[in-house]
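User: I have a model open and would like to talk through it, beginning with a single side chain and working outwards. Can you take me along?

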Amino acid sequence: MNYTHKLLMRELPLDRTVFVDDETNPVIITFKKDGEGPHAKVFSANCPHQGGPLIKGVVKDGYVSCPWHGCKFDIETGGGVTKLSLTPLKSLIDGEYLYVF
């Protein structure tokens, strides 16, 4: 399986949202570590409304807002305040790397 991103987990801040912009596959990553070990939530950083660049949006109170139309999305679940939701992406933690597919 080909990955789109390979990130060192030690470079990901815990309990914060990280935007990775590579121009072709921008993503939003929330990285956490708990009693079950490390895990990540990864979503496409393109707004499902009209493809707005969420990387240029504002993160506040657990939501990211689209800079084009203000649509808000929960960074933990990807769910939107409206009927729209962010596209979840498959990820895998293997050793010290997080792979996004």
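Analyst: Gladly; bear in mind throughout that this is a predicted model. A good starting point is His-5, whose side chain reaches the backbone oxygen of Asn-25 at 3.0 Å.

User: Which other side chain has a polar contact with His-5?

Analyst: That is Asp-22, and the polar contact between the two side chains is 3.3 Å.

User: And is His-5 buried or exposed?

Analyst: His-5 is buried, because its relative accessible area is 5%, and the cut-off for calling a residue buried is under 20%. Leaving aside neighbours within four places in sequence, the residues in contact with His-5 are Val-20, Asp-22, Asn-25, Val-27, Leu-98, Tyr-99 and Val-100.

User: Where does His-5 sit in the fold, and what is its bridge partner in strand 9?

Analyst: His-5 is found in strand 1, and its bridge partner in strand 9 is Val-100. Strand 1 and strand 9 run antiparallel and are joined by four bridges.

User: What is the strand order of the sheet they belong to?

Analyst: The order is 1-9-8, in an open sheet of three strands with antiparallel pairing. Strand 1 (5–8) and strand 8 (91–94) each have a single partner strand, so one side of each is left without a neighbour in the sheet. From one strand to the next, the twist averages 20 degrees.

User: Switching topic, what about the sheet with strands 2, 3 and 4?

Analyst: That is an open sheet too, with antiparallel pairing in the order 2-3-4. Its edge strands are strand 2 and strand 4, each of which pairs on one side only, and neighbouring strands are turned by 25 degrees against each other on average, direction ignored. Strand 2 and strand 3 are joined by five bridges, and Phe-19 has Ile-28 as its bridge partner in strand 3.

User: Now the interior: which residues make up the largest nonpolar core?

Analyst: It has twelve residues, namely Leu-7, Met-9, Leu-12, Val-18, Val-20, Val-27, Ile-29, Phe-31, Ala-40, Val-42, Leu-98 and Val-100. Two or more residues each come from strand 2 (16–20), strand 3 (27–34), strand 4 (37–44) and strand 9 (97–100), with the largest share, three residues, coming from strand 3.

User: What does Ile-29 touch?

Analyst: Not counting residues up to four places away in sequence, Ile-29 touches Leu-7, Arg-16, Thr-17, Val-18, Val-20, Ala-40, Lys-41, Val-42 and Leu-98. Apart from this core lies another, of eleven residues, including Ile-28, Ala-45, Cys-71 and Ile-75.

Key. Residues numbered from 1 in each chain as written. Predicted model: local features only at pLDDT ≥ 70, side-chain atom pairs only at ≥ 80, totals over all residues. Heavy atoms only, no water. Core = buried A, V, L, I, M, F, W, Y, C linked by side-chain atoms within 4.5 Å. Buried < 20%, exposed > 50% of the residue type's maximum accessible area, 1.4 Å probe, protein only. Contact = heavy atoms within 4.5 Å. Pairing = 2+ DSSP bridges. Axes fitted to C-alpha atoms, helices over the stretch in contact; angles between N-to-C directions. Polar contact = N/O pair within 3.5 Å; in protein donor to acceptor, adjacent residues only side chain to side chain.
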